[in-house]
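User: I should like to learn how to read the general features of a structure. Could the explanation give the general idea before the particular case?

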Amino acid sequence: MDFDFSDDQVQLGDAVRKWVDKGYTFERRRATEKAGGFDRAAWNELAELGLCGLYVPEDDGGLGMGPVEGMVVMEELGRGIVLEPLAQSLIAGGVLAGYADATTKAAWLPKIASGEALVVLAYQERGARYALGTCEAKATQAPGGYVLNATKSVVPVGDQADAFIVPAKINSQLALFLVERQSAGVTTRGYGTQDGSRAAEVVLKNAPATLITQDGLTALEHAVDIGIAATCAEAVGVMDKTMALTAEYLNTRKQFGVAISSFQALRHRAADMKMQLELARSMSYYASLKLNAPAPERRAAMARAKYQLGQSMRFVGQQSVQLHGGIGVTDEYIGSHYFKKLTQLEMTFGDSLHQLGEVASRMQDTAGVFA
Amino acid sequence: MDLAFTPEEQQFREDIRAWVAANLPSDISHKVHNALELTRDDMQRWAKILGKKGWLGHGWPKEFGGPGWNSVQKHLFEEECALAGAPRVVPFGPVMVAPVIMAFGNPEQQKRFLPGIASGEVWWSQGYSEPGSGSDLASVKTRAERQGNKYIVNGQKTWTTLGQYGEWIFCLVRTSTEGKPQTGISFLLIDMKSPGVTVRPIIMLDGGHEVNEVFFDNVEVPAENLIGEENKGWTYAKHLLSHERTNIADVNRAKRELERLKRIAKREGVWEDTRFRDEIAKLEVDVVALEMLVLRVLAAEKSGKNSLDIAGLLKIRGSEIQQRYSELMMLAAGPFALPLIHEAMEAGWQGDFPGGEVANAPLASTYFNLRKTTIYGGSNEVQRNIVSQVVLG
């Protein structure tokens, strides 16, 4: 049992933090948000740091790293509320490396690692909410592969991604496919989301698709779990910075002639925020350290972690705004953007109520970190 | 970064588990698993079994006869004991006063007091709180006046847990009123059989006699019972409070009680009730998150990089969880948690409990009893003050 980071992991985190501090200023982020919520140049900078290939095996041009490195990186990106969805590259790298055949891997993994191909998970449907097994999308065999008919919602950067990982049913069996955005039959409608990033409605009409795996539910659950662990880590970074901003504000802002950090009601609220932050950090560690566990154990762990993170995000975000007073509800102040990020992350890959249901349905007689 | 215990640590756990299974009397574990009343004999029987093995002072270093375990081994030992249904070790001797005697006592005091603590023969009590000194402990007024080679002690301590069984008591006493309140406090060991010591029970809201008032009326205490230097007692007390800080989170017991909550929920028919089950699920996440928090602190202690600023959170969260599981157990029993029949909380009661489930008898009592957890050991509000200093300076 050991919760220290290796020297390499510390260096990786430092490199990302340096990029965030120098290369991803609030002004740049604001400009990106205005321009639609995604900046391919920033994406390429992440790729140059090797981050897009974090989960791509070394033989396929990636760094071949594991969940702890993923956590370190996502936490730093969270600290800078980076809009570009690196979690999607972790998912695409992990899923294709784990489930696709050699041809598909060779065609896509090097491009994912280099940043040339932005591949995102397009799994959500109107009727399914957060459920993974529910799927209206249909796949039918066609010469040279499959064609898909589907409407997938709230797909990250859906109108600018290069390809989608799409769950669809072959008869009644859920399978996972890769669909290129430029293919015939693909239409997208992009829009901004809560946190200033970008998403799209993606409609597939007889769109040509490459089969990744027939065992679609297994792979989709794995994909979402990679996403949950990444989201938990990202959220810790967002909350860590939120906490720091709030503490700084309480110590600077004066009312009644004194710094408002001298008021016990506010001090106790700050203590409660610290509690939620550290519970969240603990459960983010837990999520990443369970990401390679056998599927049932992994799924249960992700539900527990995401529930805790959701509770923490809600509390830290809302209380940060409250403790800032009026400035906290302005667009001008950076803190409100952290709050919106937390709100969006809480609803990403299953919100707290959904995860609570997952935890409740999986409960055993005994429970603990190792059970 | 690695979640797993080492193979050596896992073997250690197996060994402890086997030993506890072979040595913990089943009548005692039955009581613990069902929250039935533990007698003085139950508690001391288990203490002496541990003492004989050298494990009552399981946190002690080897030079004082302890096993010399590291923080992780201590945790594994405590976990195996808790899950098997062992009573909590009464901490005042082996966990609280012994480390102070080791760190600040002289060799004679160590030779005189430590063996009786290690064996479980001598029952110790804690004399900290006073009627006017709760959270503001440094304001203690119990006076110890030096007269030749003895102190004359006058005053009153309160909330003395299990003081009715106490043979010795360690006290914070005022030896000076000069300077800051903290600088005039001394750490004194007092034989409770001394003339002038009176113990009076305080009956708590659950009807139980767990705590006491202790009065000192011109009690003569040999000066050789002073630990360390006069007026330095506050430093020693702080050392004590910082000791075994993961212990106070009591996460191992929380895991055992979560299992019991699930058993009760199934028996009472609320396990399949979505609203109720969700509350158990929330508690399950709380317990896992607390365990991760504890493991982080333990790992930092083991690796020596003791720079985590999160230990203050453990008491707050641990105590909130204790209160929550006792609350949910009581709610699970519903109307059958209302009857308060004291005899039914003792092992072997043959009466007819309303609703037919005698296991429901102690649920309300435990709920009432555990309200203390957010108050004692520095109230949770005081703990929040401490945490806020970490955050805000």
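User: What percentage of the 393 residues in chain B do buried residues make up?

Analyst: A residue is buried if 20 or more other C-beta atoms lie within 10 Å of its own, exposed if 12 or fewer, and partly exposed in between, with C-beta atoms placed from the backbone. In chain B, buried residues make up 42% of the 393 residues. In chain A, 53% of the 371 residues count as buried.

User: How should the confidence of the model be read, and what is the mean pLDDT of chain B?

Analyst: This is a predicted model, in which local features need pLDDT of at least 70 and side-chain atom pairs count only at pLDDT 80 or more, while totals for chains, interfaces and linings use all residues. Residues are numbered from 1 along each chain as its sequence is written, and chains are lettered from A and ligands numbered from 1 in the order in which they are written. pLDDT is the predictor's confidence in each residue, from 0 to 100. Where pLDDT is low, the predicted coordinates should not be read in detail. The mean for chain B is 95, with 98% of its residues at 70 or more. For the complex, the predictor gives an ipTM of 0.97 and a pTM of 0.96.

User: How many helices and strands are there in chain A?

Analyst: Helices (H or I, at least four residues) and strands (E, at least two) are DSSP runs, numbered from the N terminus. Chain A has 11 helices and nine strands. Its radius of gyration, taken over C-alpha atoms, is 21 Å, close to the 21 Å of the globule rule for 371 residues, so chain A is as compact as a globular protein of that length. The globule rule is 2.2 Å times the number of residues to the power 0.38. The C-alpha trace of chain A spans about 75 × 50 × 40 Å along its principal axes.

User: Which residues touch the most other members of the largest nonpolar core?

Analyst: In soluble globular proteins, nonpolar side chains tend to be buried together. A nonpolar core is a set of buried Ala, Val, Leu, Ile, Met, Phe, Trp, Tyr and Cys residues joined through C-beta atoms within 7 Å. The largest has 164 residues, of which A:L148, A:I165, A:V166, A:F177 and A:V179 touch the most other members. Helix α7 (residues 216-252) of chain A gives the most to this core, with 18 residues. Apart from it lies another core of 59 residues, among them B:V20, B:L76, B:V95 and B:M96.
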